Structures are given as structure tokens and as C-alpha cells.
Amino acid sequence: MSQTKASQVRAMLRDLLSGREDPEGFFCLCLSALGDRDTRALFLDFIKPLASGHIQLYRQLTAIFLDYFSQDDEEALEVAIALSLHDTSHRDELPGSSSSDLLAKEALGDSQAGDTEESFKKECHRKNTRTTDVIKTENSSDSSSCPADDESKNLDNLNHSVKPKKSRRYRGRKKQQLMQNPSAPRPVILWLRRDLRIWDNPALIGCLKLGAPIIPVFLWNVAEEEGSGVTVATGGASKYWLHQALECLNRSLEERGSHLVTQRAEVSSLAALQALVAETGAGAVVATALYEPWLKDRDDSVWAALEKEGIKCHIYHSYCLRDPYTVSTKGVGLQGIGSVSHFMSCCQQTSGPPLGTPLDAPCTLPAPSFWPQGCPLTQLGLARMPRRKDGTEIDWAANIRKAWNFSEDGACARLQTFLKDVESTLPVMDNSRGSLPTSQVPAEAGLEGSGILAALPALRWSSERAHLKAWQRGQTGYPLVDAAMRQLWLTGWMNNYMRHVVASFLIAYLHIAWQEGYRWFQDTLVDADVAIDAMMWQNGGMCGLDHWNFVMHPVDAALTCDPYGNYVRQWCPELKALPDDLIHKPWKCPSSVLRRAGVVFGQNYPERIVVDLEERRAQSLQDVTLVRKRFSEYVCQQSGCDLVPLPAKLIQDAMGSGNDIVQHRGKDFLLPVITRMEFKHPQENTDTHDNPYSAVLKGYVSRNRDEKIAFLNERDFTASV
């Protein structure tokens, strides 16, 4: 038993001695916290110190213990459910009225709640009195014997004479009878998916309000999770994170007298849930909503089938601050769709429940007297490692384990750090922009082809696999790009700025299709999310709802994010001896500097896979210009913006102003979307050198840093002379 459980029982014992808890309630709490097995083995040891100074209380607790563990299977199950309900409803007492009354009224109705509570107490008192009288009679016959020894003898006699051994067939028959017992609350299945936490989990609190034993369940069906097409919804890194998070969640549940049941849903999640209901007799399924289109469709069919079979389904929204399917563009229009400002305007126009305060984690969870059959977490295959030819395992996630705390406490700690950073930088972030999809134009829409824009299939992309492989492995010869890609591979994460840097390099300078970057991110990011990943890569690939009006230069961008080279030195240690002003462009280092730093191109650091960045960028821009000219029907002649075909439902729901949309050939509607300024250059002129707009960010160089570099250069020059 863990130290946490032991300290929890000792705290409850202090409440018992101080009068804040009665003996029956104390035993209920112990049974819920320790579980049936540990209570049977350790309860008498916990209360043994009471034998010297509180003999009457000790005898009463012993009587409750003996009476509980002397029942047959039917009585044990009924009492276990009653104790779980009793524990759930008595945890927080309010002045004037107890929460147990409120909980019982919710679950059973006003008239039944009081009767159930009163009958439970009377039954416990009757059985305790009967067993206490037996103990008193036995103790009076031998006044010199220790009370604890007497109780041990009574327990031994009870195990050998009172409770005969039952056959497996008998226990199975009793179990089926108990599942059909209408007087006992039927268990509740808590179907856990994304919400792997104890704190602030509305589905978990919703289970407690039902006043029944809770069976936490995690189901895994690869085909359902992955979806159709090329979504790559469950990559290697995110599945490994999921495996670790499930282990942490199970430990949290065990500390509260419960545990997680994991199962492979071989046929389907619906079939697995139906089997669980048949095995446990559960009367309800509680879950939080998912919003990916293919998972939402799956869930809708599951809820409909279960409700048809008489199983109540309770769905809570907790994965997003707002339910995306309730956010409408009505009254806002479609201009600027895909941007954060447009999304926030839609949220403000849509009435919804206010955000509540975070919910506390329950101290204990009512557990069923028997559990359904599950499988070990390892059998789900979430953390499967490849093997070499000699049979040894390739542990690619070793650095991910070192980099992250997968527990709920670790997540809360990172959240606090994030909130402090946001608070300190909030004035700067007010003007920042981003891209969040609306429910009507899902980000996954462009995954099957070349993007949301209709003209982009004709855009030329490079098929140079060597360039793609170098980008994936952090071997491009550009230190900032290489450092970011190595961090991604080793830790499963990189910050937002660096994601823009590596995406711009892949698309604008290597001319590789955005789908390749999307697939790699989905496989290697521990925080991979289909909606945001698909939207951002389409925007970076010039075929989304909101073109990035910038291109990150792989060298000059470092002036903003890594002016002194600390980031590159961390992830590209072979370059750590290079000076600050040359670490992001080592090809410009004199041979003597390279020799002193131990850098040898082509050996311990790669040569650049592309050399003329300006020429590569100009070619990319010219390709887009030619495609836009070829498909001029998808370019607004007035504004120069790209046009996107709109779904009919979006038109019906939006009812925006007439200036938002353009009718095309009398039947389709095209929406002008946010388009990069350099693409709006007059279409007749395809010479990109005359384009007055440039999206390439050169990076911000501070005056202080310029002065410091100038001083260091002068000092080095003087020293060399």
C-alpha cells in the first residue's frame, strides 16, 4: 500500500476520534480508499491502537469489519454499492443540510432519498449491535486475553467456519442475479478519451452526481482513431505520450480507490461498450465530446445505439473552451474567416454557457465490487518500439521521457509557467495573429488533395527525397533549421516561432509540398493536433484560408530568436565553438576559425543542401504567380485575393453581407480569403524582381547587439594584429 493511502487513513482516523466522523462512515471511507483486498488485510492493524484507550470504539469497528466480510457474494455486492454511494454523498457536509441528501435526491428522487439513507443506517446499526454482543460475550469468558487477539481468533473462526467456499458456477450465477437487482444503483462507465485527468474533469464529477459505482475505461481502436485518408491523426510521438499519460492517470485513480480498465476495441468502440454493459450491468455511459469530424460521427452513432438499448449517455464539453459546432458565423459574415479575430467575433456573437471555475479533484471514487476484464496497457501498442535485426530494441523515445513530466502535476506546472509568461508579454501579444478553423470549414478539408484552394493542384513541387530526408533529420546545413528539427525529433516539440522557420524553409526554399511537412509533424509532435496542424501547413503552403504574410529566412530569422547562438549550441553541439556572429552561417567562417572550432563540412556537419536562397525564393514566388494567372477565375480581380469555394451549408448559416462572397458561374459561391501581399502584385507582370512587396522577414537586430558585435570585431582584429 502506498504512503499516500496510509496517511489518508490516519487522517480519517483522527476525524473519527475527534467526532467529525462516525464509525460506519469511517469504515466506508477506508473501504473506498484502500479497496476490498487492502481493507481486509490492513484494517484491523490500523485500528489496533484503539484497543488500549478506546475499547468501545475498537469493538464497534471490529464488529463492522467482521460483519462486512462475513457476508455471501450477494450481500457483499449490495453493501459495497451502498458504501460507495454513502462515501460519495458524505464527503462534504454543509450547514443545515448534508450533501448526501442532495445527492440522494438527484439519483433516487426526494421521497426515496431519505428512506434509503435511513434504512442503510438502521441496517448497519442492527448488524453492529448483533456482532458487538457476540464479541462482548466471548471477551467476558476470558478477561485476561487481549482484545486484539480475541478479534483475530474471531476472524480466523469466521474464515474457516462461517464463510464456506463457493464454486465458480455459483459465483457467476449470483453475479448475474445481482446485476438485475433493481434496488442497487447500476455502475456508470466513464469512457475516457482526451480528458486524462482527475482535476477539472466535468465528466468525472458528472459520474459522482449519479451516485453509483464508477468504472473508468479507456478503449483503443486504431482504425477509428486514425480516420480515413491521410490525416495521420495518431503519430508515433503522440501515441507514446498517450501511453505515458494513461499510466499516470491509472496511478491517480488507484490513489482514490479505483483503477483504469484498458481494452482493445477489436471490432469497434460500440461493440466494446456493449460488452462492458453486459458484463457489469452498467446503466449509463459518461464521456467528454470529441470534435474531429470522423470521431464525432463515430460518437453520434455510439450514443444513438446505446440510448436505443436503454443506456443513458451523458456527454460533457471540456476539451475546448467552446463547442466548435455551436460557433456560428451568423451576424459576423465570412470576411476574414480562418483568422483568430474572426473566430473570436463569432464566439462573442454566439450565446453559450459562461466559463466556470476549475473543478477540484475528488478524494475518493466509489468502486464497484467486481471489475470487468481488461488487458495490460502494453497490449494497446501505443509505445511499441522497433527492433534491429539482432533483436535489440530501438528506444527512440528515451529523450522524450527525459524532457517531459507526463503526469497531471507536470501539466499544471507547465500551465502555471505559461500563464506567467503570457501575463508578462500580454501587451506585445495583442497584435499577434493566428489561424483557427471554424466548424463549417474544417481544416481537414484540404488533406485529400493539394489544399483548400482549387487552383493549387497545378503548382509545381519538388520530388527531391534527399532534401526531404535532410530536413527531417536536421542535416540541411542551416544551423537554425537543423537545431529546430533535431529538437523536434529528440523531444517531440518545438516552439511556434521555430515551426514557422522550418515550414518556410521546406516550402519556400526547398519547394517541397506542405503535405510532407504536415505528415512529419503529425508523427513527431507529442502535441500533434489534426485541426491546427492541417490549417497551419495549408496556410504556409499558400493554399489555406489565411496565407502567412511572411517567410522566415533561415539565417536572418535567427537575429530575432537566437541572436547569441545559444539555441543552436544546445541542439547542434558540433558548432558550439563558433563565434556568435557566424554560428548561423558557418560557411562564411574562415578556415582557421573552422579548424579551431573542430568543424569539418561533410563530416561532422553537413554542407548546405541549397546554396542560393534568393534564387530559390524567387522561383517559388514565380510558380505561384503563374498558377494564379492560369486559374484567374479563382482570383478576385478587384482585390487580388484568392477565392475559395464555399459549402452550401456555410452560406445558409452565415447570411453575411453581399460583399463577402462572389457568385461563380451562377451556381457556386467563392469567398475571398486572406492572401499574401506579394501575390497581389499585378498578374500581368511575372517578373518577381519588380514586385514591391517582399514577405521575407530579415529579423530584428537591436542597436545594443550591433554595438556589442562591432566592439568584439574590433577587439578581435586588434588582437590578431
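Here are a few questions and answers about this predicted model.

Q: What makes Arg193 count as a charge over the ring of Trp191?
A: The cut-off is 6 Å from the ring centre for CZ of Arg. The charged end of Arg193 is 4.3 Å from the centre of the Trp191 ring, so it passes that distance test.

Q: And how do you know that Lys296 lies over the face of Tyr325?
A: Same kind of check: NZ of Lys has to be within 6 Å of the ring centre. Lys296 is at 4.9 Å from that of Tyr325, so the distance fits.

Q: Why are β5 and β7 called edge strands?
A: Each of them pairs on one side only. They sit at the two ends of the order β5-β4-β3-β6-β7, in an open sheet with parallel pairing.

Q: How do you know that β3 and β4 are paired?
A: Pairing takes at least two bridges. Five bridges join β3 (residues 188-192) to β4 (residues 214-220), so the pair qualifies. One of the matches puts Val188 opposite Ile214 in β4.

Q: What packs on this sheet?
A: Helix α14 (residues 293-308) does, touching β3, β6 and β7. Its direction makes about 150° with that of β7.

Q: What makes the 69 residues of the largest nonpolar core a core?
A: They're buried nonpolar residues joined through side-chain atoms within 4.5 Å, so they count as one set. Trp471, Phe505, Trp537 and Leu578 have the most contacts inside it. Helix α20 (residues 496-509) gives the largest share, nine residues. A second core of 28 residues, including Phe218 and Leu382, is separate.

Terms used
Residues are numbered from 1 along each chain as its sequence is written. This is a predicted model: local features need pLDDT of at least 70, side-chain atom pairs count only at pLDDT 80 or more; totals for chains, interfaces and linings use all residues. Side-chain values use heavy atoms; hydrogens and water are left out. A charge sits over a ring if NZ of Lys or CZ of Arg is within 6 Å of the ring centre and within 35 degrees of the ring normal. Buried means under 20% relative accessible area, exposed over 50%, partly exposed in between (1.4 Å probe, protein chains only). Helices (H or I, at least four residues) and strands (E, at least two) are DSSP runs, numbered from the N terminus. Contact means heavy atoms within 4.5 Å. Axes are lines fitted to C-alpha atoms, for helices over the stretch in contact, and angles run from 0 to 180 degrees between N-to-C directions.
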